[in-house]
Amino acid sequence: MATRNLNKVQLIGNLTRDPEVRYTPQNTAVASFVVATNREWKADGETKQVADFHNVVAWNKLAEICGQLLNKGTKVYVEGRLQTRSWDDAASGTKKYKTEVVVEDMIVLTPKGSSEDSEGNYESDNSNLPPRHYRRTRAAGGGVFSAVAV
């Protein structure tokens, strides 16, 4: 009997730094950035907060779009899958692991030309603009991926 599996991540948070865009030797774009998410709860009548930090990676055209549109502090929705990679660290002689969200869908939630206050409200002259939504797609008949505005 076949089993079903699901590896899906959805995050809404803010970038902690500008994305770093690099190119592989095959000239494939890859963007790396960190998205911070916050949790808040009450304990003993006191409000507690904690932030979690998520390593995120985007490939190909979506990586280039992330590099162009995202900046430190940008509120973003990312959807993708978890992937853990490992390597041998020559300096320490140990095996290292890193778990990342590989992005397949991205929506810029911060309105263009706006700033966010400490409570998540935006100040903007163009608040009627829709979010900018980009999805990783496979080109017809090939293994090449691109990003399209949705």
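1. What share of the protein chain's accessible surface belongs to carbon and sulfur atoms? The share is 47%, out of a surface of about 10,100 Å². Keep in mind that this is a predicted model.

2. On the fold: the protein chain has one helix and ten strands. Along the sequence the pattern reads β-β-β-β-α-β-β-β-β-β-β. Four strands therefore precede the helix, and six follow in that pattern.

3. On packing: the protein chain has 150 residues, and 29% of them are buried. Take the contacts between residues at least 6 apart in sequence. Of these, 53% join residues at least 24 apart.

4. On the core: the largest nonpolar core holds 20 residues. F33, C66, L70, V76, V103 and M106 have the most contacts inside this core. At least two core residues come from each of β1 (9-15), β3, β4 (46-59), α1 (60-69), β5 (75-89) and β6 (94-108).

5. On F33: leave out residues up to four places away in sequence. F33 then touches L15, R17, P19, H54, N55, V56, C66 and L70. C66 and L70 are also among the core residues with the most contacts.

6. On T37: this residue sits in strand β3 (residues 29-43). T37 counts as buried because its relative accessibility is 13%, and the cut-off is under 20%. Its side chain makes a polar contact with the side chain of H54, at 2.8 Å. Beyond neighbours within four places in sequence, T37 is in contact with L11, I12, G13, V50, A51, D52 and H54. H54 is also on the list for F33.

Definitions and conventions
Residues numbered from 1 in each chain as written. Predicted model: local features only at pLDDT ≥ 70, side-chain atom pairs only at ≥ 80, totals over all residues. Heavy atoms only, no water. Buried < 20%, exposed > 50% of the residue type's maximum accessible area, 1.4 Å probe, protein only. Contact = heavy atoms within 4.5 Å. Areas by Shrake-Rupley, 256 points an atom, 1.4 Å probe, with all protein chains shown as cover. Polar contact = N/O pair within 3.5 Å; in protein donor to acceptor, adjacent residues only side chain to side chain. Core = buried A, V, L, I, M, F, W, Y, C linked by side-chain atoms within 4.5 Å.
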